[in-house]
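Please find below a colleague's note, set out as numbered points for the structure shown here.

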Amino acid sequence: MTAQTEPLPSMAALKHQARRLRLVTGRDRMTHSRALEAIAHGRGYRDWNTLSATVRTRMQGCPVEPGQRVEGRYLGRPFAGTVLRTAPGPERRLWRVTIAFDTPVEVAAIEGLNTCRKRVTGVIGPDGRTIDVISDGTPHLRVDA
């Protein structure tokens with residue numbers, strides 16, 4: 001069986017899945033290590049060690065980490081905030097990050113339309129920028145660590 005190509009969740013999320021699996025099957029029927037192995041097999045990996053190493057390798061080089069204070073621009077508007085989560089992105093050298101803004105960011109291009117964001121998730125590269133851009137070529141999200 002080969003590993004799936006879908007984005008991998010963080011180590012914390014994978015371990016949480018294993019704890020939930022133990023609760024569903026009954027704690028006395030499955031050890032935590034067997035639950036971790038089951039999660040790895042379910043994702044197409046040979047064992048937990050292989051899955052764990054893959055997640056850690058994919059996170060190397062991520063320009064930000066959970067808890068870090070960052071500034072940047074979202075849809076061309078400045079923000080300051082805190083990184084809540086990081087996870088491997090859809091491709092190598094891309095990372096999915098979730099940022100909570102200190103103050104909501106207005107995202108509507110139409111004046112008078114109140115559309116604020118308190119939190120955003122985006123996929124960034126090593127330079128802290130998204131590949132996706134708005135109409136003027138500005139990245140959707142730029143994170144300055």
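1. R142 belongs to strand β5, residues 141-144; strands are DSSP runs of E of at least two residues, helices are runs of H or I of at least four, and both are numbered from the N terminus. With a relative accessible area of 23%, R142 is partly exposed, where buried means under 20% relative accessible area, exposed over 50%, and partly exposed in between, computed with a 1.4 Å probe on protein chains only. Its contacts, apart from neighbours within four places in sequence, are E71, G72, R73, F79, G128 and R129; contact means heavy atoms within 4.5 Å. The C-alpha atoms of R142 and G44 are separated by 33 Å, at 98 residues apart along the chain.

2. On provenance, this is a predicted model, in which local features need pLDDT of at least 70 and side-chain atom pairs count only at pLDDT 80 or more, while totals for chains, interfaces and linings use all residues. Residues are numbered from 1 along each chain as its sequence is written, and side-chain values use heavy atoms, with hydrogens and water left out.

3. F79, one of the contacts of R142, lies in strand β2. F79 is buried, at a relative accessible area of 7%. Not counting residues up to four places away in sequence, F79 touches V70, E71, G72, R73, Y74, I99, F101, V105, L141 and R142. Between F79 and V105 the C-alpha to C-alpha distance is 6.9 Å, although 26 residues separate them in sequence.

4. Which residues does P78 contact beyond its neighbours within four places in sequence? They are G72, R73 and V105. P78 lies in strand β2, which spans residues 77-88, and is exposed, with a relative accessible area of 57%. The C-alpha atoms of P78 and E106 lie 9.8 Å apart, with their positions 28 residues apart along the chain.

5. Two further residues of β2 deserve a comment. R85, placed in strand β2, is partly exposed at 47% relative accessible area, and T86, also found in β2, is buried at 11%. Leaving out residues up to four places away in sequence, R85 touches P66, R96, V97, T98 and R119. With the equivalent exclusion of residues up to four places away, T86 touches S10, M59, C62, V64, E65, P66, R96 and V97. R85 and Q68, 17 residues apart in sequence, are 9.8 Å apart from C-alpha to C-alpha.

6. The backbone at L75 merits inspection. Most residues other than glycine have a negative phi. L75 is not a glycine, yet has a positive phi of about 50°. This residue lies in the loop between β1 (69-74) and β2, and L75 counts as partly exposed at 23% relative accessibility.

7. Where are the buried residues of helix α2 placed around its axis? In α2 (residues 32-42), the buried residues are A35, L36, I39 and A40. They are on the same side of α2 because they cover an arc of only 140° around the axis, the arc being that of the directions from the helix axis to the C-beta atoms. The cover over these buried residues includes α1 (11-25) and α3 (48-59). On the face turned away from the buried side are the exposed residues R34 and G42. G44 follows α2 and has a positive phi, near 90°.

8. The largest pocket holds about 150 Å³ of space. A pocket is an open set of points on a 1 Å grid over the protein atoms alone, where a 1.4 Å probe fits, with protein on both sides within 12 Å along at least five of seven lines; lining residues have an atom within 4 Å of a point. Grid points are joined across faces, edges and corners, and the volume is the space filled by probe spheres set on the points. The lining consists of Y74, V120, T121, G122, V123, T130, I131, D132, H140 and L141. Strand β4 (residues 116-124) gives the largest share, four residues. By class there are five nonpolar, four polar and one charged residues; Ala, Val, Leu, Ile, Met, Phe, Trp, Tyr, Cys and Pro count as nonpolar, Asp, Glu, Lys and Arg as charged, and the others, Gly among them, as polar.

9. How many disulfides does the structure hold? There are zero, a disulfide being a pair of cysteine sulfur atoms within 2.5 Å. C62 counts as buried at 16% relative accessibility, whereas C116 counts as partly exposed at 42%.
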